[in-house]
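User: I should like to examine how certain labels attached to this model are justified. Please set each value against its criterion.

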Amino acid sequence: NAQVFNRPSFVWDVTFSGSLMRNRLLEMPEEVPNIIVNTNGTQQHRRCDDDGTCYPLGGYWERKYTYDDANGNGIIEPAEVTVEAQQTFIGSPQPTRELALNTQFSLFNNRLQIGTTLDYRGGYYQWNLANDFRCRSRFNCNEMYDISAPLDEQARMIANTQKGAQNTTHGYIEKSDFLKWREASITYNAPETWARALRADRLSLTLSGRNLAKITDYTGVDPEVNEGVGNFAQRDFLALPLLRTISMRVNLTF
């Protein structure tokens, strides 16, 4: 917390917070197989490797793939996608780092107050099951029919739907770092004469908004949503994103 300026006409307060999260499954009986968290085995509780490398609970695992537009026609074909035989670790389903910045301005002897909050979360992945499902089960995703779709999107669709027993959802488990403009507000503390006209002691007007904007490379609706119902299950499927809301409030103190 810091108060950057403190003058009768201008006060500026700043609050910055952050956290790191790391978890590892250190031991599991040898007779217990790796524990599947979700329906298709993309999330698992896995024991440590022989070299001592340990993994987070519910970590994402899936077979990687590579692709190459060998003929240069701008269309990825099944023969141009190669899927690896074994699953490899992708990443954590939960944010491993979080940052928040809140700043408040007070102007004109506290007549006007302005506040805003930025929120960052990173170091984690989200399974874009909604788009995965549309490609794999409904055959109506954009990358299946649009020849101008980016090559990486065409490749992930083919790896997921047209490689037979080698099909992999790896391309739909996406890095989900984001920065959100979480909220903003502006409050006008009216002159006492306005309040007395309403037979009140104080009067203020506030305009505020939440979830105003986001910056992310995640291709789904929102990297924060979760349809999963079990412990550690994390997936974006048929879940509403956080709503953007705008509200106006009148405060009267008697």
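User: Which residue of S11 is the bridge partner of Tyr 120?

Analyst: In this predicted model, Tyr 120 has Leu 179 in S11 as its bridge partner.

User: How do you know that strands S8 and S11 count as paired?

Analyst: Pairing requires at least two bridges between two strands. S8 (residues 112-122) and S11 (residues 178-189) are joined by 10 bridges, so they count as paired. The two strands run antiparallel.

User: What makes S11 and S12 a pair, and which residue is the partner of Thr 187?

Analyst: Between S11 and strand S12 (residues 202-216) there are 11 bridges, against a requirement of at least two, and therefore the strands pair. Their sense is antiparallel. Thr 187 has Thr 206 in S12 as its bridge partner.

User: Why do S4 and S5 count as paired?

Analyst: Strand S4 (residues 43-45) and strand S5 (residues 59-67) are joined by two bridges; the criterion is at least two, so it is met. These strands run antiparallel, and Gln 44 stands opposite Gly 59 in S5.

User: Which strands are the edges of the open sheet with the order S3-S4-S5-S6?

Analyst: That sheet has four strands with antiparallel pairing. Its edge strands are S3 and S6 (81-91), each of which pairs on one side only.

User: Why is Glu 30 called exposed?

Analyst: The relative accessibility of Glu 30 is 67%, and exposed means over 50%, so the label applies. Glu 30 is in the loop between strand S2 (10-20) and strand S3 (35-36).

User: Which residues form the negative surface patch?

Analyst: The patch consists of Glu 30, Glu 31, Asp 49, Asp 50 and Asp 51.

Notes
Residues numbered from 1 in each chain as written. Predicted model: local features only at pLDDT ≥ 70, side-chain atom pairs only at ≥ 80, totals over all residues. Heavy atoms only, no water. Patch = residues over 30% accessible without salt bridge, like charges linked within 9 Å, V, L, I, M, F, W, Y side chains within 5 Å. Areas by Shrake-Rupley, 256 points an atom, 1.4 Å probe, with all protein chains shown as cover. Salt bridge = Lys/Arg side-chain N within 4 Å of Asp/Glu carboxyl O. Lys, Arg positive; Asp, Glu negative; His and termini not counted. Charge placed at Lys NZ, Arg CZ, Asp CG, Glu CD. Buried < 20%, exposed > 50% of the residue type's maximum accessible area, 1.4 Å probe, protein only.
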